[in-house]
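Q: Hi! Could you walk me through this structure? I'm new to this, so plain words please.

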Amino acid sequence: MATSNVTDTDFQTQVIGSKTPVLVDFWATWCGPCRMAAPILEELSEEYKDKVAIVKLDVDANPVTSGKYGILSIPTTILFKGGKEIGRQVGFSGKGPFEDLMKKGL
Amino acid sequence: MMESKIYDIVIIGSGPAGLTAGIYTTRGSASTLIIGGEIWGGQLMLTTQVENFPGFAQGIQGPKLMEEMRAQATRLGAEFKEVNAESIDITKKPFEITAGGEKYFAKSVIIATGAETVWLDAPGIKDLIGRGISSCAPCDAPFFRGKKVAVVGGGDAAMEEALVLTNYASEVTIIHRRDAFKASAAMQEKVLSNPKIKVLWNTEVMEAKGEGKLEKLILKNNQTGETSEVPFDGLFVAIGHKPQSDIFKGKIDMDERGFIKVSDGSKSSVPGIFVAGDVHDFRYKQAITAASFGCMAAMECLDFLAKSGEN
């Protein structure tokens, strides 16, 4: 399962209302570390398909959601389960920290 | 059991030094593996517009430049792995490098591991990284639209951070512990003539405070000894870099700061191991000089392989 995009408009249905845990990647096109993280998140979305969904939220286009979750640095990844934040990872430090975060949702 | 491949050259690092080395070694017909790190691309991945790299009349985005360099090295035949080098055994021939839990074998090695951000050593800093404290204005500046931010440092990196921030923040304060910047004249002029930027000279950050996010800094004037508590929404740290040479400690000669010692071009203290870029260069620290050092190391490495009859 590849990653998909989420916006301010469908955040509620795609993330908060999701039955499976969702990892949200807050990112932007101009952010170098976000670009490095992208292929790794794609890889993880394959490895964890059906267990944890991975969605991407462009912070430039979706300021409401980024503001609501207090994003002050990107990439920030937040894991939601049952509509609630259960963990977050600030910055890109390789695959390990993303995977550790996703495991919290299993 | 499958026989492990022995590379002519393993390059550790994937900034301008490592990738340029890879471009030259593959063109020299040496089988090349670049152990690029999970966080690959080096310091330029944390920048925006690069104005001083020749060949780009309108400038180029740092991350874009690194993606191009990587594509160039791999197109020419270099293998690239996004794994971190964990250790090296220099007593074995070929050299044995452990990275991402796997072992790799190399007749020669180019160390191009670069340098990493030095964080301020003051209470509260570590806890608030990503919560108002950052080392990457190009990444995080947009979150400080209309906010009050500080930059600590006095070199070109600090000037760039401050200038990027003026596009978003309402007020940018540079905090510097001396009474003059060491940044280039061009950068200083841009900063000092910007009405949004003010400078606190002879000032040090003693502590960062905030509940869940940065709220204020405790500052001290190191001339008068006076301390003050100043509200800030953001703090960008640009006080310098330290060489990433830990895995080579005790194996390859380095100075007390961790910069690897080179002699006769780019040779390390171990025959067959060469060095390029910010891991040894404490003087120039530019993308273009790192690339040049990468080229030098590659040519010397190819020469070493030819002379040792290994290539």
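A: Happy to! Let's begin with a term: a salt bridge is a side-chain nitrogen of Lys or Arg within 4 Å of a carboxyl oxygen of Asp or Glu. Please keep in mind that this is a predicted model.

Q: Okay, how many salt bridges are there between chain A and chain B?

A: The count between those two chains is one. Arg35(A) pairs with Glu67(B), and their closest N and O atoms are 2.8 Å apart.

Q: Which parts of chain A supply the side that touches chain B?

A: Helix 2 (32–47), strand 5 (84–90) and helix 4 (95–103) of chain A each give at least two residues to that side. The largest share, five residues, comes from helix 2 of chain A.

Q: How many residue pairs are in polar contact across the interface of chain A and chain B?

A: The rule finds four such pairs.

Q: And what area is buried between chain A and chain B?

A: About 1,700 Å², with carbon and sulfur atoms giving 64% of that. On the chain A side, Trp30(A), Met36(A) and Leu72(A) supply 42% of the area that chain A buries against chain B, more than any other three residues. As for residue numbers, the contact takes 19 from chain A and 19 from chain B.

Q: Switching topic. How many salt bridges are there over all chains?

A: The count comes to 19.

Q: Can you show me a few? What does Glu229(B) pair with?

A: Glu229(B) forms a salt bridge with Lys216(B), with the closest N and O atoms 3.2 Å apart. Glu229(B) lies in strand 16 (residues 227–231) of chain B and Lys216(B) in strand 15 (residues 216–221) of chain B, so the pair ties together parts that are 13 residues apart in sequence.

Q: Is Glu229(B) buried or partly exposed?

A: Partly exposed, at 47% relative accessibility. Lys216(B) is also partly exposed, at 29%.

Q: Got another pair? What about Lys249(B) and Asp246(B)?

A: Their side chains meet in a salt bridge, 3.0 Å from N to O. Salt bridges can also share partners: Asp89(B), Lys92(B), Glu96(B) and Lys103(B) are joined into one network that way. In that network, Lys103(B) and Glu96(B) meet at 3.5 Å, N to O.

Q: Which of those residues are buried and which are exposed? Start with Asp246(B).

A: Asp246(B) is exposed, with a relative accessible area of 56%, while Lys249(B) is partly exposed at 49%. In the network, Lys103(B) is partly exposed at 46%, but Glu96(B) is buried with 11%.

Q: Why does 11% make Glu96(B) buried?

A: Buried means under 20% relative accessible area, so Glu96(B), with its 11%, falls in that group.

Q: New topic: where is Asp281(B)?

A: Asp281(B) lies in the loop between strand 19 (273–275) and helix 6 of chain B. Asp281(B) is buried, with a relative accessible area of 4%.

Q: A charged residue in there! Which side chain of opposite charge is nearest to Asp281(B)?

A: That is Arg283(B), but it is 6.9 Å away, and Asp281(B) has no salt bridge. The 6.9 Å can be set against the cut-off, which is 4 Å.

Q: Then which backbone nitrogens lie by the side chain of Asp281(B)?

A: The backbone nitrogen of Arg283(B) lies 2.8 Å from a polar atom of that side chain. For the backbone nitrogen of Lys285(B), the distance is 2.7 Å.

Q: What else does Asp281(B) touch?

A: Not counting residues up to four places away in sequence, Asp281(B) touches Phe259(B), Thr289(B) and Phe293(B). Asp281(B) and Ile260(B) are 21 residues apart in sequence, with their C-alpha atoms 8.4 Å apart in space.

Q: And helix 6 of chain B, how far apart are its end C-alpha atoms?

A: They are 30 Å apart. That agrees with what we'd expect, because at 1.5 Å a residue its 21 residues (287–307) should span 30 Å. Helix 6 of chain B is followed by Gly309(B), whose phi is positive, near 65 degrees.

Q: Last one: is Asn62(A) buried or exposed?

A: Asn62(A) counts as buried, at 5% relative accessibility. Asn62(A) lies in the loop between strand 3 (53–58) and helix 3 (63–68) of chain A. Leaving aside neighbours within four places in sequence, Asn62(A) is in contact with Val6(A), Thr7(A), Asp8(A) and Leu57(A).

How values were computed
Residues numbered from 1 in each chain as written. Chains lettered and ligands numbered in written order. Predicted model: local features only at pLDDT ≥ 70, side-chain atom pairs only at ≥ 80, totals over all residues. Heavy atoms only, no water. Helix = DSSP H or I, 4+ residues; strand = E, 2+ residues; numbered from the N terminus. Expected span 1.5 Å × (residues − 1). Buried < 20%, exposed > 50% of the residue type's maximum accessible area, 1.4 Å probe, protein only. Lys, Arg positive; Asp, Glu negative; His and termini not counted. Polar contact = N/O pair within 3.5 Å; in protein donor to acceptor, adjacent residues only side chain to side chain. Contact = heavy atoms within 4.5 Å. Buried area = accessible area lost by both parts, 1.4 Å probe.
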